[in-house]
Amino acid sequence: MLSSCSNIRQPGMMYVACSRVNTLSGYHLLEFKPEAIKASASTKEEMRRLRTEMKLQTFYYQLEKDPTCLRVLLFNIRSVQNKENHINSDPYLCSVDIMILTETWERNKTDINVPQFHYKYHSVRTENRGGGVSVLSQTPMIPVQMQVSSDVCDAIVLPYKRDSAKLNIIGVYSPPSCTFEKFIRWLTKILVNIKRDIPTVIAGDFNINMLETSAAYRGLHVFMDHIHFKQVINTATHQVGGLLDHFWINSGVTVSQQMLARSHYSDHFQLFADLQL
């Protein structure tokens with residue numbers, strides 16, 4: 001029973017105290033003054049940002065997909081270690097054909113045990129903590145370059161083929177320590193080694209916030225426009241805001257729908273994209 005809140009001065013303490021009440025029986029608020037509770041300017045700004053930038057689609061009713069589409073998941077998993085159970089029990093991953101995981105934090109090519117994904121490709125960073133990209137697929141792909149990793153960036157380049165349809169999939173991770181200029185030079189080296197006439201997806205955590213107008217934001221837009229790629233996602237992909245996870249496609253790829261979902265085992269959102277082949 002909460003008998004009095006008259007001595008509680010902080011709004012956060014008021015919230016915690018009231019949240020402990022199990023029933024309304026015997027619940028009393030004495031000397032409560034609503035005008036004493038005020039929201040800080042930073043809280044108001046955060047609520048405004050949440051309303052404008054974090055427009056997540058509720059997609060529980062959208063999980064059924066066209067069988068002619070290829071469903072790709074992009075997910076910064078923030079360390080894959082000890083998360084296999086989470087992946088295997090995640091009901092929204094059963095419809096995924098290809099899973100691109102970034103920041104796996106793996107230092108070796110240990111397979112991730114996800115039964116439905118029989119084919120697994122890993123790029124690991126050995127020099128620094130963190131990083132790493134893994135691509136899991138339900139069908140086999142022959143890697144063009146298994147590991148395109150430098151001292152700071154990671155990528156996997158994989159060709160996908162279904163019937164007569166072809167698709168290049170490039171999974172990317174660039175850490176905050178990588179400068180924009182170095183990242184563009186590194187990405188250019190990857191792109192010159194693939195066939196440009198094949199539909200291509202470049203997906204991963206670029207650590208360039210596409211919701212902030214910065215020099216890196218402007219430079220990336222100019223570069224990607226020049227090579228005829230466009231960004232699919234235009235809302236926040238992180239729980240505290242920011243569009244760090246990118247999903248770029250060229251003119252040969254059509255996205256029929258894209259969806260975002262919160263995850264309880266990473267601070268990044270899961271990004272689903274259905275591709276028409």
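## Ser134 and its surroundings

Ser134 touches Met99, Ile100, Leu101, Thr104, Ile112, Tyr121, His122 and Ile156, leaving aside residues up to four places away in sequence. The model is a predicted one. Ser134 sits in strand S4, which covers residues 133–137. How accessible is Ser134? Its relative accessibility is 3%, and buried means under 20%, so Ser134 counts as buried.

One of the neighbours of Ser134 also meets it through a polar contact. The side chains of Ser134 and His122 are joined at 2.7 Å.

## A buried salt bridge

The count of salt bridges comes to three. One of them pairs Arg71 with Asp274. Their closest N and O atoms are 2.6 Å apart. This pair links distant parts of the chain. Arg71 belongs to strand S1 (residues 69–76), while Asp274 belongs to strand S11 (residues 270–276). The two residues are 203 residues apart. Are they buried or exposed? Both Arg71 and Asp274 are buried.

## A network around Arg78

Arg78, Glu103 and Asp267 are linked in a network of salt bridges. Take Glu103 and Arg78: the closest N and O atoms are 3.4 Å apart. This pair, too, links distant parts of the chain, 25 residues apart. Glu103 lies in the loop between strand S2 (98–102) and strand S3 (119–123). Arg78 lies in the loop between S1 and helix H3 (84–89).

Asp267 forms a salt bridge with Arg78 as well, with 3.6 Å between the closest N and O atoms. Asp267 is in the loop between strand S10 (254–261) and S11, and the pair is 189 residues apart. Accessibility varies across the network. Glu103 counts as buried, at 7% relative accessibility. Arg78 is partly exposed, with a relative accessible area of 31%. Asp267 is also partly exposed, at 24%.

## Helix H4

Helix H4 spans residues 180–191, twelve residues in all. From its first C-alpha to its last it reaches 16 Å, close to the 16 Å expected at 1.5 Å a residue. Which residues of H4 are buried? They are Phe183, Ile184, Trp186, Leu187, Ile190 and Leu191. Seen down the axis of H4, these residues fall within an arc of 165°, so they line one face of the helix. An α-helix has 3.6 residues a turn, so residues three or four places apart point the same way.

On the other side of H4, Arg185 and Lys189 are exposed. The cover over the buried residues of H4 includes strands S5 (154–162), S6 (165–173) and S7 (200–205), along with helix H5 (215–226).

## Helix H5

The twelve residues of H5 should span 16 Å at 1.5 Å a residue, and the end C-alpha atoms of H5 are indeed 16 Å apart. Its buried residues are Leu220, Phe223 and Met224. They cover an arc of only 90° around the axis, so they lie on the same side of H5.

What do the buried residues of H5 pack against? They pack against H4, S7, strand S8 (229–231) and strand S9 (245–250). The face turned away from the buried side of H5 carries the exposed residues Ala215, Val222 and His226. Just after H5, His228 takes a positive phi of about 65°.

How values were computed: Residues are numbered from 1 along each chain as its sequence is written. This is a predicted model: local features need pLDDT of at least 70, side-chain atom pairs count only at pLDDT 80 or more; totals for chains, interfaces and linings use all residues. Side-chain values use heavy atoms; hydrogens and water are left out. A salt bridge is a side-chain nitrogen of Lys or Arg within 4 Å of a carboxyl oxygen of Asp or Glu. Helices (H or I, at least four residues) and strands (E, at least two) are DSSP runs, numbered from the N terminus. Buried means under 20% relative accessible area, exposed over 50%, partly exposed in between (1.4 Å probe, protein chains only). A polar contact is a pair of N or O atoms within 3.5 Å; within protein, one must be able to donate a hydrogen and the other to accept it, and residues adjacent in sequence count only if both atoms are side-chain atoms. Contact means heavy atoms within 4.5 Å. The expected span of a helix is 1.5 Å times one less than its number of residues. The arc is that of the directions from the helix axis to the C-beta atoms.
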